[in-house]
Amino acid sequence: MPFSVAVLDEVNHEKLTPRRATELCAAAFSARDFDVERMGEVSVALLASPVVHELNLKYRKIDSPTDVLSFGMDGLYGEMVGEIVIAPEYVRFDRVGVEELVVHGALHLAGMDHGDEFEGTEMAVVQEAVVRSTGVREG
């Protein structure tokens, strides 16, 4: 079965298709030299900002809203790689869009991290390359 991404849209965002989410995640995983053809499924959940805030508090012990969270499950080559949770309404406060957050979340699932400061990290460089190569942002 080919790699795929399921999209759960609880906020009627209606702009992210499973096909596009699959393209974005595949590009992110490929940028990290993973064999996408052997990978399990990823799900992307578009949720209300208060729900993502609660998840941030519950799982990261951070009591503040956030734009994206990633939850690894069975490992990159397991049946279920993980879930990327995005708050589309939070995006309007940030400079990035939902598609870039899918890439960001996928890079976290691929084992990348950026600590407290994203700018200037290896993850920021890889993310920028992926969003440009997938047409999320021109450059």
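Helix H4 passes helix H5 in a right-handed crossing, and that's a good place to start with this predicted model. H4 covers residues 98–109, while H5 covers residues 122–133. H4 also packs with helix H1 and helps line the largest pocket, so let's take those topics one by one.

**H4 and H5**

- The two helices pack at an angle of about 135°, and their axes are 10 Å apart.
- Angles from 65 to 115 degrees count as roughly perpendicular and those over 145 as roughly antiparallel, so H4 and H5 end up being oblique to each other.
- On the H4 side, the contact is made by Glu-100, Val-103, His-104, Leu-107 and His-108.
- H5 brings Met-123, Val-126, Gln-127, Val-130 and Val-131 to that contact.
- Sort the residues of this contact by class and you get 6 nonpolar, 3 polar and 1 charged.

**H1 and H4**

- H1 runs over residues 18–31, and its axis comes within 9 Å of the H4 axis, crossing at roughly 45°.
- Angles under 35 degrees would count as roughly parallel, so H1 and H4 are also described as oblique to each other.
- H1 passes H4 in a right-handed crossing.
- From H1, the residues that meet H4 are Arg-20, Ala-21, Leu-24, Cys-25, Ala-28 and Phe-29.
- Their partners in H4 are Glu-99, Val-102, Val-103, Ala-106, Leu-107 and Leu-109.
- This contact has 10 nonpolar residues, no polar ones and 2 charged ones.

**The largest pocket**

- The largest pocket has a volume of about 590 Å³.
- Its lining is made of 24 residues, and the ones nearest the centre are Asp-67, Val-68, His-104, His-108 and His-114.
- Helix H2 (49–60), strand S3 (68–72) and H4 each give at least two residues to the lining.
- Split by class, the lining has 9 nonpolar, 7 polar and 8 charged residues.
- His-104 and His-108 turn up in two places: they take part in the contact with H5, and they are among the residues nearest the pocket's centre.

Notes: Residues numbered from 1 in each chain as written. Predicted model: local features only at pLDDT ≥ 70, side-chain atom pairs only at ≥ 80, totals over all residues. Heavy atoms only, no water. 1 Å grid on protein atoms, 1.4 Å probe; cavity = no way out; pocket = protein on both sides within 12 Å on 5 of 7 lines; lining within 4 Å. Points joined across faces, edges and corners; volume = space filled by probe spheres on them. Helix = DSSP H or I, 4+ residues; strand = E, 2+ residues; numbered from the N terminus. Nonpolar A, V, L, I, M, F, W, Y, C, P; charged D, E, K, R; others polar. Axes fitted to C-alpha atoms, helices over the stretch in contact; angles between N-to-C directions. Left-handed = near helix turned anticlockwise from the far one by under 90°. Contact = heavy atoms within 4.5 Å.
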